[in-house]
Amino acid sequence: MSTPAMVRPRPVHRAADLLAAYLPGSFFYSSATGSLLADGVHAPVRAGHGSRAAAVSEALDAAAVHGVEDPVVVGAIGFRPDAEASLVVPAVVRRAGAPDGSGPAGAPASAKWSITPRPEPEVYADGVRRALELIGAGELDKVVLARCLEVTADQPVPVPALLSRLVRLNPAAHAFAVDVSAPGDPAPRALVGASPELLVSRRGTEVVANPLAGSLPRVADEAENRRRVAALLASAKDRAEHAHVSAQVAEVLGRFCVDLDAPAEPSVIGTPTMWHLSTRITGRLADPTDPGSSALALAEALHPTPAVCGVPVDRARAAIAELEPEDRGYYSGLVGWSDLQGDGEWVVTIRSAEVCDRTVRLFAGAGIVAGSDPAAELAETSAKFRTLLRALGLEGTA
Ligand SMILES: C=C(O[C@@H]1C=C(C(=O)O)C=C[C@H]1O)C(=O)O
């Protein structure tokens, strides 16, 4: 079994050192398994939907032939099949352990802000009603509807400080910052976030996925939080919403794995702002030497899970295109890294924003199934925005 890149013996850095060294244009990723900072571009990886995993393996092989030691590919892929992707073999990679809560916290930006919801909250709630009609008519079983907050400051938003605060406030999350600048952007564009959701990781033969779906906002009062956790576990609506995701993830991984372990009952995980039903699914790869079983190949086979799209997937995509006025861009896509051995870690791009100069575009979505309540779904998206709003120093706004 190959040793995962992030735990290979390395010159010792602390996650806080990597965060302090992060500059706009770098790639940063941290999770409970370690941290990675990548700079420069040895080679970009250009490939479309369906051929990315193969292009990534080729780019990694070519980088190894060119003498790059332990090459990795890092980056992000957008939601739609024809969406943008930003994948590179970086020139320099530094690794460290998991964030330990130390390091720069970065003061909240003191800028003046204006916040524009897109669409207006009532329009989002109307979209939920329309989705419920489609579900009632038997067109759909589940669809995830998202909305956007466009936040504009009176000065450029400092991405390093925002990233540091995201990591400090969400030490257990999969935190990331990816340069997603594209031709035509008025300034460099960064995708930043603190996702609670592991799409898939692969280390040697071991595969792990941790789908989430079915949520309630977390509050300050601990007795109320205990009630919410119990309510979530007891809610038939939330369990049905969750089961769509856990079943699809287990079905897809079952094509690649032997010894798949998919618990029948969800548990609850907490983030600083939310409670989610969660299922940790593990498996052993049938053929780890097959390039078609790389971490990114698994991620592409899973994406989009019903945690961000819906069931059936094509009708859910069509409903999203009809009911969401804003293009999702990188939101609800995937972010992560893959190495030469095919190991890697890819997370669902949620609790995220795209930052370009003075503008921050936040997205948050909620799964709609029979029994969903438009006001509760709207409140759920507001609560999900809190991850980024807190990091921006804009707590209490949505
Ligand atoms: C779509 C988002 O989150 C996803 C949807 C969830 C839900 O509908 O309950 C829960 C966690 C995530 O899988 C988001 O945060 O924007």
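The following exchange concerns a predicted model, with attention to two helices, an annotated domain and the surroundings of a ligand.

Biologist: How are residues numbered, and which pLDDT do local features need?
Modeller: Residues are counted from 1 along each chain as its sequence is written. The model is predicted; totals for chains, interfaces and linings use all residues, side-chain atom pairs count only at pLDDT 80 or more, and local features need pLDDT of at least 70.

Biologist: How far apart are the end C-alpha atoms of helix H3?
Modeller: Helices (H or I, at least four residues) and strands (E, at least two) are DSSP runs, numbered from the N terminus. The expected span of a helix is 1.5 Å times one less than its number of residues. For the 16 residues of H3 (residues 121-136) this gives 22 Å, which agrees with the separation of the end C-alpha atoms, 23 Å.

Biologist: What arc do the buried residues of H3 cover?
Modeller: A residue is buried if 20 or more other C-beta atoms, placed from the backbone, lie within 10 Å of its own, exposed if 12 or fewer, and partly exposed in between. The buried residues of H3 are Tyr124, Gly127, Val128, Ala131, Leu132, Leu134 and Ile135. They lie on the same side of H3, because the arc around the axis (taken from the directions from the axis to the C-beta atoms) is only 160°.

Biologist: Which exposed residues does the opposite face of H3 carry?
Modeller: The buried side is covered by elements including strand E8 (142-153) and helix H9 (374-391), where contact means C-beta atoms, placed from the backbone, within 7 Å. The face turned away from that side carries the exposed residues Glu122, Arg129, Glu133 and Gly136.

Biologist: Is Leu233 buried or partly exposed?
Modeller: Leu233 belongs to helix H5 (residues 222-234). H5 is hardly covered, with one buried residue among its 13. Leu233 has 16 C-beta neighbours inside 10 Å and therefore counts as partly exposed.

Biologist: What are the helix and strand percentages over residues 122-384?
Modeller: UniProt lists these residues, in an unreviewed entry, as "domain: Chorismate-utilising enzyme C-terminal". The end C-alpha atoms of this stretch are 17 Å apart, and its content is 33% helix and 33% strand.

Biologist: Which residues come nearest to the ligand?
Modeller: E8, strand E13 (212-217) and E22 each supply at least two residues of the shell. Nearness here means a C-beta atom, placed from the backbone, within 6 Å. Of the 17 residues around the ligand, those that come nearest are Ser215, Ala307, Ile350, Gly365 and Gly367.

Terms used
Two residues are in contact if their C-beta atoms, placed from the backbone, lie within 7 Å. UniProt positions are given in the numbering used here, feature names are shortened, and annotations may be inferred rather than shown by experiment.
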